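Q: Could you take me through one part of this model closely, namely its nonpolar interior and what surrounds it? I would like the wider setting as well.

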Amino acid sequence: MSHYGYVSEQLLTGRLWPPRRRRPKPEPEPPRLDVDRMRSHFDFAGTGRVVTNNAATSQTPRELIELFRELSPRYESVHRGQSTASRRITEEFEESFDTIATWLNAPSRRCIATYRNTTEAINAVMYSLLTEFRDGDNVVTTLMEHNSNFVPWYALSREILPRLGRRVECRVVRFDHETGELDLDHLAELVDDRTKLVCVTGASNFLGTKPPLHRIRRIADESGYRRGDGRSGSLLLVDAAQLAPTSVIDVIALDVDYLAFSFHKVLAPFGVGVLYAREPLLQGSLPFLYGGDMIAEGRVSPDLVEYGDLPWKYAAGTPNVLGVIASAQALRLLVDLALDPDEPWFGTARPLPRTHVESAMTLVSSHVRSLTDAALRRALAIPGVQVYGPGPDVSRSPLVAFTVRGRDSRQVASALDEHRVEARAGCHCATLAHLDLKLNPPASCRLSFAAYTSHEDVDRAFTALERVVGAR
Ligand code: PMP
């Protein structure tokens, strides 16, 4: 009997009729970040503080503090020693560049330079490109930048290059005051065949906006700017200071030329920032800083200096050895805290698989997104509270910036502090955006979240805000 014959016989005999209802399979729960496990690694979590100034700097887990102690018996400088201690610390220092490269999906450590912070990394790009700007060129940046990604370009065009007799314009793209979105039509208008560089934030530290980097890349590519290497298109620099802590970053997929971020916002202690740049750019540009350690061994004479191989050409002077090691280990620890693997990545030099980085950061990013959605909804429901930037249900930085009608933002932040809620008020170095929004004084109050922020933190923060503004 054919299969169909069997079915019709069963139907006739009623054995398949009425058709048995299949119980709908429960949707598999998407994996969630275990925030309690994450928090158990941080000392602040037992203090009652509601740490909501994470956009400024993140808390450091116990393991990273311990790491400094663990490194102390074998403390040494890098690159110039013959001792076992020196060779070992050099290896750990250099391997840290591999971990950072994997974190960003950069092709190799040759594309990674370390500086003190995002600000210095962006300045490094400015000084490296200084000699390459031609008279009549321009730089395009935006009104939603942190001052770190505006002031260097202002200084280049208004102060430095004019002294060298070159005119270079700094153009600034608007944003929509209602939605907080970058005005891409305005960007496309400002970018032209003299635009050497487009500099844009990956995620705003005030509005929370994440500009569409793929579309911006296309606009930069189509500018018609003639580069020295015969290719056409403008360079693209992304300030990823607010992107790195809670997002998957893939410099290949983003197709960026430069990307900068600070480790003190990604769990590590203060003092290390990263510049990713395409290898040919680093190969071809002049370094930002000159001196020891960045030169090819023995290749210094009064008439000729040759520079070290990448990335060390961009590492003049004794580097922040412990800071760089701790920073790379912070990335490994973040993967451990998010994924709880059988064998930890922290404290090892095992090559970190890129897939683990992506899984860990996907968990972190969906966690902070749910916190931010909840926070925005609470904020929007409080009478007299004006929230800036995109609303809930869009991908944005994990923060809420707001003003309270008739109240000084600094005074609101101080009142929140009485409830142990650590808001931050001021212009957050996003001075251009505050002035553009005509905020007078140019200040807002900001609550910002991290991978270790709990829903209870958000609840406590907004309950406190409701009390402070008299909505409770
Ligand atoms: N860009 C953005 C978007 C930032 O949020 C910050 C830090 N507030 C910076 C740049 C500057 O970072 P740093 O102070 O570490 O140089």
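To start with, how many helices and strands are there in the chain?

A: Happy to. This is a predicted model, and its chain has 15 helices and 13 strands. Along the principal axes, the C-alpha atoms occupy a box of roughly 100 × 60 × 55 Å. Of the 472 residues, 54% count as buried. The fold also ties together distant parts of the sequence: among contacts between residues at least 6 apart, 68% join residues that are at least 24 apart.

Now to the interior itself. The largest nonpolar core has 120 residues, and the members that touch the most others are Leu104, Trp153, Tyr258 and Leu259. Helix H11, covering residues 321-339, gives the most to this core, with 13 residues. The core also draws on both domains, taking at least three residues from each of domain 1 (35-60 + 354-467) and domain 2 (64-329). As general background, nonpolar side chains tend to be buried together in soluble globular proteins.

Trp153 is a good place to zoom in. Setting aside neighbours within four places in sequence, Trp153 is in contact with Ile122, Val125, Met126, Val139, Cys170, Leu197, Cys199 and Leu237. A second, separate core has 28 residues, among them Ala375, Val385, Val458 and Ala464.

Two cysteines in that list of Trp153 contacts, Cys170 and Cys199, invite a look at the sulfurs. The structure holds 0 disulfides. Cys170 is buried, at 16% relative accessible area, and the closest cysteine sulfur to its own is that of Cys199, 7.9 Å away, so the two are too far apart for a bond. Cys429 is likewise unpaired, because its sulfur lies 5.8 Å from the closest cysteine sulfur, in Cys427, which is too far for a bond. For a disulfide, the two sulfurs would have to be within 2.5 Å. Cys429 is partly exposed, with a relative accessible area of 35%.

Next, the meeting of the two domains. The C-alpha centres of domain 1 and domain 2 lie 27 Å apart, and their contact takes 37 residues from domain 1 and 42 residues from domain 2. Together they bury about 3,100 Å² between them, with carbon and sulfur atoms giving 59% of that area. On the charged side, the rule finds 0 salt bridges across this interface.

Two loop residues round off the picture. Arg80 sits in the loop between helix H3 (62-71) and helix H4 (84-104), and is partly exposed at 43% relative accessibility. Not counting residues up to four places away in sequence, Arg80 touches Asp293 and Glu297. Between Arg80 and Ser223, 143 residues apart in sequence, the C-alpha separation is 45 Å.

Pro107 lies in the loop between H4 and strand S1 (112-115), and is exposed, with a relative accessible area of 59%. With residues up to four places away in sequence left out, Pro107 touches Ile252 and Tyr276. The C-alpha atoms of Pro107 and Glu279 are 8.7 Å apart, although 172 residues separate them along the chain.

Technical notes. Residues numbered from 1 in each chain as written. Predicted model: local features only at pLDDT ≥ 70, side-chain atom pairs only at ≥ 80, totals over all residues. Heavy atoms only, no water. Buried < 20%, exposed > 50% of the residue type's maximum accessible area, 1.4 Å probe, protein only. Core = buried A, V, L, I, M, F, W, Y, C linked by side-chain atoms within 4.5 Å. Helix = DSSP H or I, 4+ residues; strand = E, 2+ residues; numbered from the N terminus. Domains from an automatic or database assignment. Contact = heavy atoms within 4.5 Å. Buried area = accessible area lost by both parts, 1.4 Å probe. Salt bridge = Lys/Arg side-chain N within 4 Å of Asp/Glu carboxyl O.
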